[in-house]
Structures are given as structure tokens and as C-alpha cells.
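Student: Please take me through one part of this protein closely. I would like to look at the sheet and what surrounds it.

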Amino acid sequence: PKEYLLLKFFVENKGQVLSRKVIIDNISLLSRNVTTKTVDVHVQRLRAKIPFLTKSIVAVNRIGYRLKKG
């Protein structure tokens, strides 16, 4: 369920750079006590479950992630 909510959030904000903090604040199933590295783990799991997302979800150095448009 966490990866589904993460994917949904990426799709709703397609093309926008999302900081790890913004992701944590907007995904209800992510506990308030998580670290930014928790987001990285969930992104890795999402990419593992849906391999074509490996190239679509782009890491933005020192900020967060972005889902490519198109």
C-alpha cells in the first residue's frame, strides 16, 4: 500500500521535483518518525515491483525525486 500511495503521489505531481520531506508529509501511511532514507527505500521497492519506473522516477541529487513527463 505504501508504494501504491507513493506512485499515486508521483503521478499527481508528474514533472515536479518532490523533496523527501514533501513526500513524507503527503503520504499518510508513512509514519511521522521516518527518516528521509525511508523514502529512498520505498522508491527502490516501487522500482523493483514495476521495473519500467526505474527510468521514469528520477533522483534529483540532494533534493528528492521526480516522475518524468511523457
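Tutor: Start with one pair: Val-58 has Arg-66 in S3 as its bridge partner. Before going on, note that this is a predicted model, where local features need pLDDT of at least 70, side-chain atom pairs count only at pLDDT 80 or more, and totals for chains, interfaces and linings use all residues. Residues are numbered from 1 along each chain as its sequence is written, and side-chain values use heavy atoms, with hydrogens and water left out.

Now the strands. S2 and strand S3 (residues 64-67) pair in the antiparallel sense over four bridges. Two strands count as paired if DSSP finds at least two bridges between them. Strands themselves are DSSP runs (E, at least two residues), helices are runs of H or I with at least four residues, and both are numbered from the N terminus. S1 and S3 also pair in the antiparallel sense, over two bridges.

Look at Tyr-65 in S3. Leu-18 stands opposite Tyr-65. Ala-59 stands opposite Tyr-65 too.

Put the strands together. They form an open sheet of three strands, in the order S1-S3-S2, with antiparallel pairing. Strand S1 (18-19) and strand S2 (57-60) are at the edges with a single partner strand each, so one side of each has no neighbour in the sheet. As a general point, side chains in a regular strand alternate between the two faces of the sheet.

Next, the turn. S2 and S3 form a hairpin with three residues between them. Arg-62 lies in this loop between S2 and S3. Its phi is positive, about 65°, although Arg-62 is not a glycine. Most residues other than glycine have a negative phi. Is Arg-62 buried or exposed? At 79% relative accessibility, Arg-62 counts as exposed. The cut-offs are these: buried means under 20% relative accessible area, exposed means over 50%, and partly exposed is in between (1.4 Å probe, protein chains only).

Now go from the sheet to a helix. Asp-40 is in helix H3 (residues 36-49). With 10% relative accessibility, Asp-40 counts as buried. Which residues does Asp-40 touch, leaving aside its neighbours within four places in sequence? Asp-40 is in contact with Arg-20 and Tyr-65. Contact means heavy atoms within 4.5 Å. Tyr-65 is the residue that Leu-18 stands opposite in S3.

Look at another helix. Leu-7 sits in helix H1 (residues 2-12). Leaving aside neighbours within four places in sequence, Leu-7 is in contact with Leu-46, Ile-50 and Leu-53. Leu-7 and Val-43 are 36 residues apart in sequence, yet 8.8 Å apart in space, C-alpha to C-alpha.

Finally, step back. The protein has four helices and three strands. Along the sequence, the pattern is α-β-α-α-α-β-β. The radius of gyration is 11 Å, close to the 11 Å that the globule rule gives for 70 residues, so the protein is as compact as a globular protein of that length. That radius is taken over C-alpha atoms, and the globule rule is 2.2 Å times the number of residues to the power 0.38. The C-alpha atoms fill a box of roughly 35 × 25 × 20 Å, taken along the principal axes. Buried residues make up 33% of the 70 residues. Among contacts with a separation of 6 or more, 50% come from residues 24 or more positions apart.
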